[in-house]
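Work through the exercises below with the model open beside you. Try each task on your own before you read its solution.

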Amino acid sequence: MESKNLADFPRPVHHRIPNFKGSHLAGQNIKELEAFGRTQEIKVDPDKPLEGVRLLALQSRKTLLVPTPRLRTGLFNRIVPPPGAGKDVLRACATAQGVRNYSVPIGLDASVLVDMVVVGSVAVSEQGWRLGKGEGYADLEYAMMVAMGAVREETPVVTIVHDCQVVPIPEALLEEHDLTVDYVLTPTRVIRTGCQRPKPRGITWSKISPEMLRRIPVLRDLRRQEQQAGKDVALRGELLHPCATTPSRLHGAGCPPTTTATVHVGGLPAGARVGELKRALREHGAAPLRLAWQGPGPPAVLSYRDQASAERAVACLQALHLGTSRLCVELAEPPGDKGAASLGVLPTLDRPQQAHDWPREPPEGCSLE
């Protein structure tokens with residue numbers, strides 16, 4: 001697109017959903033879709049080549065939802081033009097700056113039912129296979145909408161691209177979490193893909209990294225909801241024991257002793273409850289196999305399957321707080337050949353602890369105040 005001068009501002013188009021000359025013309029083709037005429041709520045990604053569709057949605061008095069950039073502050077913003085807004089104001093509302101200036105956030109508890117989804121693409125095939133930038137946000141946004149009941153199986157998905165972006169894509173490149181499209185709109189064509197490949201049926205937690213979970217608060221909220229519903233929410237690279245996938249079995253009661261690495265959490269404030277600590281661990285994506293804690297004083301001990309899992313937990317918990325108290329989180333020293341801890345068996349909170357193979361004093365350089 002760059003070499004043939006098909007790209008449009010912002011340039012260069014590398015590492016982004018490319019804007020292209022004729023994007024507004026391609027967007028106008030959405031009016032040819034019968035589904036667009038019936039649409040009341042439409043979700044359109046914030047990419048530059050979709051600006052024309054956002055404007056058309058506002059001019060058609062449809063409810064326009066736009067994902068928050070990188071999902072940092074939530075899932076959706078609803079664009080709310082000022083009363084009596086004319087075409088120039090609506091055009092401003094459809095821009096990236098307008099999305100920031102004329103929007104209100106939509107929470108997970110809001111009643112949202114999206115009638116059409118419009119996404120950007122780097123490449124797409126006539127069969128509906130789609131490739132994005134490789135970061136997975138469009139796929140994740142759709143999966144999150146499924147999780148909150150905001151889309152149905154029959155909700156059409158549309159992408160808008162230049163004709164040169166319509167290319168053969170091997171289906172073997174797709175995974176179950178990848179979003180496919182039903183319509184491809186270009187400046188010269190309206191392609192009905194007839195795609196029968198199932199769209200994501202929810203969040204594939206095994207594809208979510210602890211780092212992504214840390215960056216996206218709304219994703220942590222959804223994970224907590226699904227964990228409470230008893231679903232498997234183990235993250236990518238996180239080898240949770242089957243007994244530890246639901247809150248009721250967080251302590252690992254009845255599980256075989258497979259723990260080989262532990263993490264110490266110090267600085268727990270007086271009056272803190274184990275439920276608060278468990279909730280904080282889940283919200284940071286670091287639920288352990290077992291948790292042992294005598295209450296304020298000695299550190300809590302989190303037990304993980306292996307050293308890699310423990311190290312990931314420490315990385316996720318560096319900003320851990322209970323109330324106003326920032327907690328100190330460190331890997332435990334590998335235990336020697338003594339007591340239950342050396343066998344990877346740590347007592348649960350259901351009975352008093354007998355062995356203490358972790359420091360009773362704060363680790364060097366870590367204040368517990």
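Helices (H or I, at least four residues) and strands (E, at least two) are DSSP runs, numbered from the N terminus. The model is a predicted one, in which local features need pLDDT of at least 70 and side-chain atom pairs count only at pLDDT 80 or more, while totals for chains, interfaces and linings use all residues. Residues are numbered from 1 along each chain as its sequence is written, and side-chain values use heavy atoms, with hydrogens and water left out.

**Exercise 1.** Find where Arg61 lies, and describe its backbone and its exposure.

Solution. Begin with the place: Arg61 belongs to the loop between helix 3 (51-59) and strand 2 (63-67). Next, turn to the backbone, where phi of Arg61 is positive, at about 60 degrees, although the residue is not a glycine. Finally, consider the surface: with a relative accessible area of 79%, Arg61 is exposed (buried means under 20% relative accessible area, exposed over 50%, and partly exposed in between, with a 1.4 Å probe and protein chains only).

**Exercise 2.** Describe Asn5 in the same manner, and then examine the peptide bond from Phe9 to Pro10.

Solution. Asn5 lies in the segment before helix 1, and its phi, near 60 degrees, is a positive value in a residue other than glycine. At 41% relative accessibility, Asn5 counts as partly exposed. Pro10 also has its place in the segment before helix 1 (23-28), and the peptide bond that leads from Phe9 to Pro10 is cis, with omega near -5 degrees.

**Exercise 3.** Determine the strand order of the open sheet of eight strands, and say which strands stand at its edges.

Solution. Two strands pair if DSSP finds at least two bridges between them. Following the pairs across the open sheet gives the order 4-3-2-1-5-8-9-10, with mixed pairing. Strand 4 (103-106) and strand 10 (190-192) stand at the edges, because each has a single partner strand, so that one side of each is left without a neighbour in the sheet. As one pair within the sheet, strand 8 (residues 157-160) and strand 9 (residues 183-185) run parallel and are joined by three bridges, and Ile160 stands opposite Leu185 in strand 9.

**Exercise 4.** What lies over the face of Phe36?

Solution. Apply the criterion first: a charge sits over a ring if NZ of Lys or CZ of Arg is within 6 Å of the ring centre and within 35 degrees of the ring normal. Lys62 is the residue that lies over the face of Phe36, at 4.6 Å from the ring centre.
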